[in-house]
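Hello,

Here is the structure I promised to pass on to you. Have a look at it first, and then read on for what turned up.

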Amino acid sequence: MFGVGNFGNEATLTALLMRARESRIVPVVVCPAPDRVRADYSVETVSLGDPVTTNKRTVIGLLRLVANRAGVLRNALAIARSVDAVAIAGTGPWEAFAFGSFDIPYEMWCLMVAARLTRRPFLVLDVGAERSPRPIARWFIRQTARFASYLSFRDSFSVSEMVADGAGFITQDSVVCDLAFGLPGVEPTTRFPRSVVVGVMEYSGRVGDRSRGSETLDSYRDRCSKLLRNLSVRGYEITLVGGQDRDVEFAFELKSTMRAEGVSVAVAPVRRYDELIRVMSTAQVVVASRYHTLIMALLARTPIVSIGYAGKHAELFDLVGLDAMHRDIDSFDTDEVVGLVDESVINCRRLSISVGDAVSVMQDRLDAQWVEVSSRISAKRLNLRRVGSQP
């Protein structure tokens, strides 16, 4: 899901492209927005095919669906033949409940099948996962994981969810960390006193359970507004950021609401990982809902407070030793979050050092993993050339 306006996914892609190019590996990015990714990254891109948009309840709709999905498998085979290895890189491809069984789960399975049929290594790198409610999706996901020649996850939560899904062959030894930790961070700079960055999102409910979407969004907006008012009363300078394109629009809506109440907040309409890190590096604390927004804050060596919506948030905070700083997005108490912000500001210097140490550990893990990954790709390339195949 690269090129679709999710800043965290773009950060993940950037981290992988950096490593690939350092290893003289020429990447070909498979994505739903090839033109945008090609323009943004100067990289070769390809699409697996058009998304599923047909009405599945009619005979004609089902026939179109079958033809569309058969085309995906055919395209996956063509892609696999043209490269030395196939990799699923980071993000949460196995936690996307918003997609049906024959969307992302099926497309991942097609790439795995294509890699096996063409005898290319199939690598799954530091992905996130949750237990799918769809039996067919679970089967696609299990088979994709089972036949990977290299498999790793970003956290223990993902492994536990996969095991609960029936993938008992996976162990906690598969845990590395999120690929975005491999991005270059920044050295601590001068932080503005009582400055807080708040990362908001257009939250309409947990993925897979959005039957009360507008009501959930209204509740989240009201509590965010109350949080901003309370932070302002406490004397904090507030800057809003988003985690994908529509979040930035939501941030401007909040700013307008606050202005009408006489509360001053700023919006930093940044969309690149390095811009996010730069904004967060001058704050004393970051409060955010998006998972990768929190990782960008960690790369800025800034203390974080989470208003999160998934198990991956709690896992991230446990990983960096800040488990007491996580609250649930559907039930967070604004006064309690302000208290966590106060605590983080008081201990900013100590927490910044602790966060920096944790990030260094994550980056060491990714470095060690890449030695193994790049060697597998390089070995396959040499084997293909020995038998006269085109790389």
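**Helix H2 and a parallel sheet**

In helix H2, which covers residues 34-41, Pro34, Val37 and Tyr41 are buried. Please keep in mind that this is a predicted model. Viewed down the helix axis, the buried residues of H2 fall within an arc of 65 degrees, so they line one face of the helix. The spacing fits a general rule: an α-helix has 3.6 residues a turn, so residues three or four places apart point the same way.

What covers that buried side? Helix H1 (7-22), strand E1 (28-30) and strand E2 (44-46) are among the elements over the buried residues of H2. Turned away from the buried side is a face with the exposed residues Asp35, Ala39 and Asp40. After H2 comes Ser42, and its phi is positive, near 50 degrees.

Now to the sheet. It is an open one, made of three strands in the order E3-E4-E5, with parallel pairing. Strand E3 (86-89) and strand E5 (150-153) are at the edges with a single partner strand each, so one side of each has no neighbour in the sheet. On average, neighbouring strands here are turned by 10 degrees against each other, ignoring direction.

If you would like to look at one pairing in detail, try E3 with strand E4 (residues 122-127): they pair in the parallel sense over four bridges. Along the way you will find Ala89 opposite Leu125 in E4.

Happy browsing, and best wishes

Note on methods:
Residues numbered from 1 in each chain as written. Predicted model: local features only at pLDDT ≥ 70, side-chain atom pairs only at ≥ 80, totals over all residues. Heavy atoms only, no water. Pairing = 2+ DSSP bridges. Helix = DSSP H or I, 4+ residues; strand = E, 2+ residues; numbered from the N terminus. Axes fitted to C-alpha atoms, helices over the stretch in contact; angles between N-to-C directions. Buried < 20%, exposed > 50% of the residue type's maximum accessible area, 1.4 Å probe, protein only. Arc of directions from axis to C-beta. Contact = heavy atoms within 4.5 Å.
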